[in-house]
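Me: I'm new to reading protein models, and I'd like a close look at how the nonpolar residues are arranged inside this one. Could you take me through that part slowly, and tell me how far to trust what I see?

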Amino acid sequence: MFILRDILLPLQDHFSETTLGRERASLFVYTILSIIVPFTSSMTSNLWRCLDTLFGFEIKNKRFYTFMASPTLPWAGLWQTIWGLIPSPETDGRILVGLDDSIITKVGKKIFGCEAIFDHAAKSNQSKYPWAQNIVSVGLLKQVKGRWACLFLDFRFYLPLKTIQEKKETATIRGEVVPFQTKMAQAAQMLIEIAEHFSTVPILAVTDSWFGNNGLWKPAYKAIGNRFNILSRLRCNNVLYDLPEKRKPKQRGRNKKYGQRLGSATDMAKTVQQEARFYNVNLYGKQREVSAYSRVVMLKTLKRPVQVVWVFRRTQWIAFAASHGERTRGLVVPRRRRAAVLSES
């Protein structure tokens, strides 16, 4: 309980000193406790029941729902405090962060950030355009009891440009329309703020193939510098190129940016599998044997040299691209909300 007190009390300082601010500060802390207590699932309705049953916090259902959907919570200060409370955020001398976007379906038509969003993972009996919030989030990747966990560090609500231009109610805060930001800009902004807080530690961002391109790399690397690296899944149709040859003496013309075309990731997987080496890796909480092969190539989506790692397991394979200079020992491999570690034995 003393640990919870030391963690939760600093979070209350970010709320105003007004009566409403103190009430919201207390409600914020007790909501976190309701999530921690193994009372029931962390659905909003169940949290409201937990507040009333366990903590005696009397609040009307509608008012609690309004609080949970509030876009005016002081998240900027809250996240900074949470980052400072993490006892040992580093893994192998660097900060590992997972980056992805997700949707959370809602029912209320006036909830901030909601829009009819295409769900590419929708099942056959589900709507392809559910009414939902689209959230871009960053989390700290750490091993907890032998398995990888993602501990959230920051998030942003993404709204399409057309929703903001139409000045819909779900895109306003206190009557003002929020400015538009692309998902890449939101992701880069969060990574830059995290890197500024952990000012002396290298940052490795683990993403899927959608974020693993120059749209994220360029602004983040410009602000963070050599401390920033990115590891992403490589699309099977990404074309790879050899490193450009060195310029010959007195050779005219500009230097080549890319060398000989090597083919797609799929084409190369067929040829490099014979040269793969075996590794013992921590995969989904167990030590498993996989074969892997790595090579430094040029990638046009990042416009720079990258180290590509092909991982072969049974009848399937997957390729990952890491910005060149990032160590391949201990690479974290994202795969739909789960992570595995590839490391040399």
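Reply: Let's start with a term: pLDDT is the predictor's confidence in each residue, from 0 to 100. You need it here, since this is a predicted model. Over residues 326–345 pLDDT stays under 50, and for that stretch the model has 64 contacts beyond four places in sequence. Strand β16 (residues 338–342) has the lowest confidence, with a mean of 35, whereas helix α7 (residues 183–197) has the highest, at 95. For the protein, the mean pLDDT is 86, and 93% of residues reach 70 or more.

Now for the inside. The largest nonpolar core has 47 residues, and the members that touch the most others are L216, F228 and W310. Helix α7 gives the most to this core, with seven residues. Pick out L216 and look around: leaving aside residues up to four places away in sequence, L216 touches L99, M184, A187, A188, L191, T207, F211 and I230. Apart from this core lies another one, of 17 residues, including W148, Y279, V281 and F320. As a general point, nonpolar side chains in soluble globular proteins tend to be buried together.

Then have a look at the surface, where I3, I7 and L85 make a nonpolar patch of about 260 Å². I7 sits in helix α1 (residues 2–12). Is I7 buried or exposed? Neither, quite: I7 counts as partly exposed because its relative accessibility is 36%, and that class runs between the 20% and 50% cut-offs.

Methods. Residues are numbered from 1 along each chain as its sequence is written. This is a predicted model: local features need pLDDT of at least 70, side-chain atom pairs count only at pLDDT 80 or more; totals for chains, interfaces and linings use all residues. Side-chain values use heavy atoms; hydrogens and water are left out. Helices (H or I, at least four residues) and strands (E, at least two) are DSSP runs, numbered from the N terminus. Contact means heavy atoms within 4.5 Å. A nonpolar core is a set of buried Ala, Val, Leu, Ile, Met, Phe, Trp, Tyr and Cys residues joined through side-chain atoms within 4.5 Å. Buried means under 20% relative accessible area, exposed over 50%, partly exposed in between (1.4 Å probe, protein chains only). Patches are made of residues with over 30% relative accessible area and no salt bridge: like charges are joined within 9 Å, nonpolar side chains (Val, Leu, Ile, Met, Phe, Trp, Tyr) within 5 Å. Accessible areas come from the Shrake-Rupley method with a 1.4 Å probe; for residues, only the protein chains shown count as cover. A salt bridge is a side-chain nitrogen of Lys or Arg within 4 Å of a carboxyl oxygen of Asp or Glu.
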